[in-house]
Structures are given as C-alpha cells and as structure tokens.
Amino acid sequence: ASGAAAAALEARLAGEVAAMRDAGTYKAERVITSPQRVDITVEGVPGVSGGDGTVMNFCANNYLGLSGDAGVAAAAVDAIATHGYGLSSVRFICGTQDLHKKLESAVARFHGTEDAILYPSCFDANAGLFEALLGEEDAIISDELNHASIIDGVRLCKAQRKRFKHMDMADLEAQLVATAGARTRLIATDGVFSMDGDVAPLRDICDLADKHDALVFVDDCHATGFFGATGRGTDEHCGVRGRVDIVNSTLGKALGGATGGYTAASARVVETLKNRARPYLFSNTLAPSVAGASLHVFERLERDSSLVEAVRANAHRFRDGMAAAGFELRGARDHPIAPVMLYDAKVATAMADELLRRGVYVIGFSFPVVPRGAARIRVQLSAAHTAAHVDAAVAAFAEVGREMGVVP
C-alpha cells in the first residue's frame, strides 16, 4: 500500500479511538497472571490492602467453576497423552478421532437430540447453520436482540429475514403470518440474553411454532450446563425439552471454558451441516485436549447436578444483597447473569475501576455492546464462589455506590 494511504488510515483510526476514549466506550484489556478461577491475580493490581494482587472475579463465564478445575485439566492432559496435541486437518480429511465422536454423542445425549456436530466455537456454529439449511424459499424470524454471531450467520443466508421485537410474542406471530408462504420458517432466539440475563419465553415460542408450522432454533451459550433443574439449559428451565429443533451452544463458558461449540439437532440436520457448513468444512478440528476435557465435563454433569444448585443459590444471594443495598438489577432471579444498571458509560467504567482497587474484578459494559444510555456492570456468579465471596462483593458495591452517589 502507498505511504499516503497507510498514513490516512492511521490518522482516521487514531481519531476514532480517541472518540471512543472520550465517550467512555474504549475497552482496555486487563492481564490475568493466574488460572481462570474465582480468585485471580491481575497484572499491575496490588490487590486488597496491598496484597499479592489477588482479587475476586465476578465477570467470567465460568458459571460452574470448571475453568480451573483440576479434574478437567487432568482430562485435557490425558487426552494429549493418548491422542496428541492437534490434528492439522479438518474433520472430513483426517481430523476425526474417536474422542470427537464420543463427545458428539455426549452432547446429543445431554440435549436429548439424535446427533451433534462440533465446531471451533459457537460463533462458527451460528455462522454455519443458516446458510447450510435455508435458501431463498425460506424465512428466518429472529429476536431483535439476538447475539452478534446469530446476526452475522443470518446475513450469510439468502432466506427472507424478519425480526421480531425482543421477546414480543404478538410481533413474532405477526412475522409468522407475514412469512406464511415460505417453504421452511425458522424462529431464532437466544435462550438467555447475555447482556440482560433475561430468558426467552420458549414455551410461548414453541406454541407459536406449532401453531404456524415453524421450527425453533435456540442459542443456549449462557444456559448450557448450569440453567434449568439439572443444567440442561433454557428448554429445561421453560419445560419444553424435546420441542426445540436445533440447539447451538459452547464448550467455552460453563463447560470448562476453553473453546469449541456445537449444534445439537436431528441426525439429518447434522448430516447436512457436516457436508455444507463452511466453518466446519474449512476449519481445523477441535483439539484433542479440548475434546477430552469437555467429554469429562459432560460425563460429570450427567452424574451430579450439585454445581447447578450452587450457582443458583449464589445468584439468589447476590441479587437479594444488591437489592437491599438499593441497586437496580436486570435479569431472571435464577440466572447467574446479574446486570447492575448504571446507564452512564463513564460511571460504569469508573465504578468498575474502583471496585477492582477494592478487590472485586468486574467490567463496565457500554455502547456498542449494549444500547446507548444503558451502561451497566454485568456481574456473573459462579458455583465456585463462596457465601463470603458474594457478601464481600455486595459490600464493595454498596460502599463504592454510596461514594459515587449511585445509591443512597
């Protein structure tokens, strides 16, 4: 490229970054120097009372506390010993091991579907789904607040695209009526919306799908493994197990927190995806260490749901404490995403920075991650948090909130 073109780009980007800083929407990265767990060390942070830099982590997707779990790590090491570090291949050439097939079977069994397909991430699963299954004769009807990966996946597809107002069943039905002539109609929704912690009304959605002969797709990344009575996800929580046609989810949050995603569906849908989904066909296979550790997690969850009960109890304890302190929280009571609403981006960033100095690691969220004027600190509870962790976090929020004039 010419020197002038490169200089112009650098100058433009510098201005745009400066504007983000001025608006309080710039996102800096903090560097963690320990394993991911509920107590972590952060580079450049002295920790409580000038200690060793250990702070309490309340913003990870580590809902079951398994990211730093010794048993999960041991399963990963064992898989490397028996199956190697990587495959250097996509699945259909020479990248499928018995571990991958066992994991796909475990995923399908966990979700109550016929089969499953693995991807490098759930973003890839969402990118590959719609284009592979739907064409110009079909229609996708998507919640307006669906995750960016669903939006991007839908953009790759030639089907009609309709949006319905967030969790608005009257508008969903109107879109179903408007697309009555489509060959296949697919309703697409997050199970739990990650910025607000609110739960899609899947029973109503499934009832409308039945009424209008449509299919239901759910992205359950923020529910799989820990939401619902036994952690099966939003369909279990809503009492619609067996009525959701396609579930996409991740291995990178509650289920060990490394990487990887999947689609769980009918055998025919999975067969089609394995032959058409571009992120599957053109991406390296999941590493054996991740496959082995994830298989260990699914086997563990099939035996024991105590971690599911623990994270639910922590969510209740935190929500009750914060409400008593005068904070406004969004989201479902049973869900461990607890957004603390502050509305102003600079206030959210400043409060998160001050909380870190007092030993509580949280992040302020602002535009474009959330709508303008809806900044918040998204707190995420884990089964690994103790009651002492939760109570200390509530006390720190209350103290900082009073100092900043956020709560009385």
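**Exercise 1. Determine how strand 1 and strand 2 are joined, and place them in their sheet.**

Step 1. Strand 1 and strand 2 (residues 54–57) run antiparallel and are joined by 3 bridges. Helices (H or I, at least four residues) and strands (E, at least two) are DSSP runs, numbered from the N terminus. Two strands pair if DSSP finds at least two bridges between them.

Step 2. The model is a predicted one: local features need pLDDT of at least 70, side-chain atom pairs count only at pLDDT 80 or more, and totals for chains, interfaces and linings use all residues. Residues are numbered from 1 along each chain as its sequence is written, and side-chain values use heavy atoms, with hydrogens and water left out.

Step 3. The sheet is open, has 3 strands in the order 1-2-13, and its pairing is mixed. Strand 1 (39–41) and strand 13 (360–361) are the edge strands, each pairing on one side only.

Step 4. T41 has T54 in strand 2 as its bridge partner. Helix 15 (residues 387–404) packs on this sheet and touches strand 1, strand 2 and strand 13, its direction making about 95° with that of strand 2. Contact means heavy atoms within 4.5 Å. Axes are lines fitted to C-alpha atoms, for helices over the stretch in contact, and angles run from 0 to 180 degrees between N-to-C directions.

**Exercise 2. Check the length of helix 2 and find which of its residues are buried and which are exposed.**

Step 1. Helix 2 (residues 70–83) has 14 residues, which at 1.5 Å a residue should span 20 Å; the end C-alpha atoms are 20 Å apart, so the two values agree. The expected span is 1.5 Å times one less than the number of residues.

Step 2. V72, A75, A76 and A79 of helix 2 are buried. Seen down the axis, the buried residues fall within an arc of 100°, so they line one face of helix 2. The arc is that of the directions from the helix axis to the C-beta atoms. Buried means under 20% relative accessible area, exposed over 50%, and partly exposed in between (1.4 Å probe, protein chains only).

Step 3. A70, V77 and A81 are exposed on the other side of helix 2. The buried residues pack against helix 4 (98–111) and helix 12 (288–303).

Step 4. At the N-terminal end, D69 caps helix 2, with a side-chain oxygen 3.0 Å from the backbone nitrogen of G71. After helix 2 comes G84, with a positive phi near 90°.

**Exercise 3. Describe the sheet of 7 strands and the place of strand 6 in it.**

Step 1. The 7 strands form an open sheet in the order 3-11-10-9-6-4-5, with mixed pairing. Strand 3 (115–119) and strand 5 (160–164) are at the edges with a single partner strand each, so one side of each has no neighbour in the sheet. On average, neighbouring strands are turned by 20° against each other, direction ignored.

Step 2. Strand 6 pairs with strand 4 in the parallel sense over 4 bridges, and I140 stands opposite L186 in strand 6. Strand 6 and strand 9 also run parallel, joined by 5 bridges; here I187 stands opposite V216 in strand 9.

Step 3. Of the 6 residues of strand 6, 6 are buried. R185, I187 and T189 point one way, while L186, A188 and D190 point the other way.

**Exercise 4. Locate V218 and list residues that it touches.**

Step 1. V218 is in strand 9 (residues 215–219). With 2% relative accessibility, V218 counts as buried.

Step 2. Strand 9 and strand 10 (residues 246–250) run parallel, with 3 bridges between them, and V218 stands opposite V247 in strand 10.

Step 3. Leaving out residues up to four places away in sequence, V218 touches T189, D190, G191, L202, V244, I246, V247 and N248.

**Exercise 5. Find the backbone exceptions at S88, Y343 and P368.**

Step 1. Most residues other than glycine have a negative phi, and most peptide bonds are trans.

Step 2. S88 has a positive phi near 50°. S88 lies in the loop between helix 2 and helix 3 (91–94) and is exposed, with a relative accessible area of 70%.

Step 3. Y343 has a positive phi of about 75°. Y343 belongs to strand 12 (residues 337–343) and is partly exposed at 33% relative accessible area.

Step 4. The peptide bond from F367 to P368 is cis, with omega near 10°. P368 is in the loop between strand 14 (364–365) and strand 15 (375–380).

Definitions and conventions:
A polar contact is a pair of N or O atoms within 3.5 Å; within protein, one must be able to donate a hydrogen and the other to accept it, and residues adjacent in sequence count only if both atoms are side-chain atoms.
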